[in-house]
Amino acid sequence: MKESLTTLATSSKAPNREQMMAAMVKAGAVEEKVELSLDITPTGLAVDAIEAATPVEDECVIGQVRDGHVTVTILPVLASGLCFVGSTH
């Protein structure tokens, strides 16, 4: 996943949801299971960072792009079976 997100971050320092989804799918994630953070705030501003996550067995692989830099981490799946808290994915 890091390779795919790094390629994306090289071409776009602030990718949108569609670009993040494409990078996740390119990395092997199942599109229907990918969770995405918002790319625009409720007031219409661009977010500082965008995140995407996908469950892999009992863990979540979470990737973040912030100002052209990529971070990938692995965390446990939440009790809800999701990777992100809340209802917007």
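**Notebook: helices, hairpins and a disulfide**

**Entry 1. Thr-7.** I looked up Thr-7 and recorded it as partly exposed, with a relative accessible area of 45%. The model I am reading is a predicted one. Thr-7 belongs to helix α1. I then checked the spacing to helix α2: the C-alpha atoms of Thr-7 and Ala-23 are separated by 8.4 Å, and the two residues are 16 apart along the chain.

**Entry 2. Ser-12.** I moved on to the loop between α1 and α2, where Ser-12 is found. Is Ser-12 buried or exposed? Its relative accessible area is 14%, so I entered Ser-12 as buried, the cut-off being under 20%. Leaving aside residues up to four places away in sequence, I found that Ser-12 touches Gln-19 and Val-65.

**Entry 3. Helix α2.** I examined the start of α2, which spans residues 17-26. There a side-chain oxygen of Asn-16 comes to within 3.0 Å of the backbone nitrogen of Glu-18. I next listed the buried residues of the helix, namely Met-20, Met-21, Ala-23 and Met-24. Why do I place them on the same side of α2? They cover an arc of only 165° around the axis, and therefore they share one side of the helix. On the face turned away from that buried side I noted the exposed residues Glu-18 and Lys-26.

I also asked what covers the buried residues of α2. The cover includes α1 (2-11), β1 (35-36), β2 and β3. After the helix comes Gly-28, for which I recorded a positive phi near 110°.

**Entry 4. Strand β3 and its partners.** I turned to β3, residues 59-66, and found the strand mostly covered, with 6 of its 8 residues buried. I checked its pairing on each count. With β2 (residues 50-56), β3 pairs in the antiparallel sense over 7 bridges. With β4 (residues 69-76), β3 pairs, again in the antiparallel sense, over 8 bridges.

I followed Glu-59 in particular. Glu-59 is the bridge partner of Val-56, and Glu-59 also stands opposite Pro-76 in β4.

**Entry 5. The two hairpins.** I inspected the connection of β2 and β3, a hairpin with 2 residues between the strands. Which residue there takes a positive phi? I found that Glu-57 does, near 60°. The hairpin of β3 and β4 likewise has 2 residues between the strands. In this hairpin I recorded a positive phi near 50° for Asp-67.

**Entry 6. The disulfide.** How many disulfides does a search of the whole structure find? I obtained 1. The bond joins Cys-60 to Cys-83, with an S to S distance of 2.1 Å. The pair links distant parts of the chain: Cys-60 lies in strand β3, Cys-83 in the segment after β4, and they are 23 residues apart. For the link of Cys-60 and Cys-83 I noted -90° about the S-S bond, a left-handed form.

I then looked up how accessible the two cysteines are. Cys-60 has 1% relative accessibility and so counts as buried. Cys-83 has a relative accessible area of 8% and is therefore buried.

**Entry 7. Cross-reference.** I close with β3, which recurs in these entries. The strand is part of what covers the buried residues of α2, pairs with β2 and β4, and holds Cys-60 of the disulfide.

Terms used:
Residues numbered from 1 in each chain as written. Predicted model: local features only at pLDDT ≥ 70, side-chain atom pairs only at ≥ 80, totals over all residues. Heavy atoms only, no water. Buried < 20%, exposed > 50% of the residue type's maximum accessible area, 1.4 Å probe, protein only. Helix = DSSP H or I, 4+ residues; strand = E, 2+ residues; numbered from the N terminus. Pairing = 2+ DSSP bridges. Disulfide = S-S within 2.5 Å. Arc of directions from axis to C-beta. Contact = heavy atoms within 4.5 Å. Polar contact = N/O pair within 3.5 Å; in protein donor to acceptor, adjacent residues only side chain to side chain.
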